[in-house]
Amino acid sequence: MRICRLVWNFPRAEKISYGLGPNFYYISKEQLKQGHEVDVIARRTGSEPSYEEIDGIKVHRVTSPYNINAMRELSRIHAANPFDIVHAHGTCGMSYPLFRFKLHRPLVVHSHGTALGMSLYKFSPSPKLSVRDFSRSRIREFIGITRQKIYWQQADILLAVSNFLKQEIEDLYKIDGS
C-alpha cells in the first residue's frame, strides 16, 4: 500500500526527538516494516531540503502556505505513482477534501487533541492579556475549532490517540464514534 502522510513538521534525521515528530517518524517506520511505501509531505523551514529520504521514508517539504502547496505536491507525486490513502494529522491537508474529486483516495485523519477541549479546559491564553490580544486569541480559537469540525467530518476515518479523546470528539464535535 502507498501512504501519503500530511504533517506540519517532520523531523530531520538528526532531530527525531521533539514535539509530535517522533510520532510521525515511528508510525512511518512501522508502516515501512509492514511492507508499505510512505511519502510524507511536511512544511519546509529554513535550510531544510525540499526532498530527503530518512530511513526509507520519502520526505517532501513544501513552503508556506502549507495546505495549498502540500496539495500541489500531493497531486504531483500521486500523478507519477498513485497513493492508496492519505493520512493527515490534526488539520494538515485541510484543503484535501477539495481535491478528493481528482485523487479519489480515502482520507484518514489522526487527532492528537481538540481545540474545543483545550478552550473548555482553560488551556488557552489568560484573559489578563490586552483587549486586542485577548480578542485575537479568541478568534484563533474559534477558527481552530471550526477547522477541526469541518475537516474531521470530511474524513473517511478519524483516529483518536486515546479513549478520552474519542469521547471528547463525540461529545464536543458531535462526530459519530464508530
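## Exercises on a predicted model

Strand 3 and strand 4 form a hairpin with 2 residues between them, and Asp 55 in the turn has a positive phi of about 50°. The model is a predicted one, and the exercises below start from this hairpin.

### Exercise 1. The hairpin

Describe how strand 3 and strand 4 pair, and state which side chains of strand 3 are buried.

Solution. Step one is the pairing: strand 3 and strand 4 (residues 57–62) run antiparallel and are joined by 4 bridges. Ile 54 has Ile 57 of strand 4 as its bridge partner. Step two is the side chains, which alternate along strand 3 (residues 51–54). Glu 52 and Ile 54 point to one face and are buried. Tyr 51 and Glu 53 point to the other face and are not buried.

### Exercise 2. The sheet

Place the hairpin in the sheet, and find the edge strands.

Solution. Begin with the strand order, which is 3-4-2-1-5-6-7 in an open sheet of 7 strands with mixed pairing. Strand 3 and strand 7 (157–160) are the edges, since each pairs on one side only. From one strand to the next, the twist averages 20°. Next, take the other neighbour of strand 4 in this order, strand 2. Strand 2 (residues 37–43) runs parallel to strand 4, with 5 bridges between them. One bridge pair here is Asp 39 with Lys 58 of strand 4. Finally, look at what covers the strands: helix 2 (residues 66–80) lies across strand 1 (2–6), strand 2, strand 4 and strand 5 (85–89). Helix 2 runs at about 155° to strand 2.

### Exercise 3. A salt-bridge network

Determine which residues join Arg 2 in a network of salt bridges, and how accessible Arg 2, Glu 37 and Asp 39 are.

Solution. The count of salt bridges in the model is 7. Arg 2 pairs with Glu 37, with the closest N and O atoms 3.2 Å apart. Because Arg 2 lies in strand 1 and Glu 37 in strand 2, this pair ties together parts 35 residues apart in sequence. Arg 2 has 6% relative accessibility and therefore counts as buried, whereas Glu 37, with 33%, is partly exposed. A second salt bridge links Arg 2 to Asp 39 at 3.0 Å, N to O. This pair also connects strand 1 with strand 2, so it ties together parts 37 residues apart in sequence. Asp 39 counts as buried, at 3% relative accessibility.

For comparison, take a salt bridge inside a helix. Glu 170 and Lys 166 meet at 2.8 Å, N to O. Both lie in helix 6, 4 residues apart, about one turn of the helix. Residues three or four places apart in an α-helix point the same way, because the helix has 3.6 residues a turn. Glu 170 is among the buried residues of helix 6 (residues 163–173), while Lys 166 is partly exposed at 34%. The last step returns to the network: salt bridges that share partners join Arg 2, Glu 37, Asp 39 and Lys 58.

### Exercise 4. Two helix residues

Decide whether Ser 75 and Ile 143 are buried or partly exposed, and give the surroundings of each.

Solution. Ser 75 belongs to helix 2. The cut-off for buried is under 20% relative accessible area, and Ser 75 has 13%, so it counts as buried. Beyond residues up to four places away in sequence, Ser 75 touches Phe 99, Lys 102 and Leu 103. Ile 143 lies in helix 5 (residues 131–154). At 45% relative accessibility, Ile 143 counts as partly exposed. Together with Ile 139 and Phe 142, Ile 143 makes a nonpolar surface patch of about 320 Å².

Definitions and conventions:
Residues are numbered from 1 along each chain as its sequence is written. This is a predicted model: local features need pLDDT of at least 70, side-chain atom pairs count only at pLDDT 80 or more; totals for chains, interfaces and linings use all residues. Side-chain values use heavy atoms; hydrogens and water are left out. Patches are made of residues with over 30% relative accessible area and no salt bridge: like charges are joined within 9 Å, nonpolar side chains (Val, Leu, Ile, Met, Phe, Trp, Tyr) within 5 Å. Accessible areas come from the Shrake-Rupley method with a 1.4 Å probe; for residues, only the protein chains shown count as cover. A salt bridge is a side-chain nitrogen of Lys or Arg within 4 Å of a carboxyl oxygen of Asp or Glu. Buried means under 20% relative accessible area, exposed over 50%, partly exposed in between (1.4 Å probe, protein chains only). Two strands pair if DSSP finds at least two bridges between them. Axes are lines fitted to C-alpha atoms, for helices over the stretch in contact, and angles run from 0 to 180 degrees between N-to-C directions. Contact means heavy atoms within 4.5 Å.
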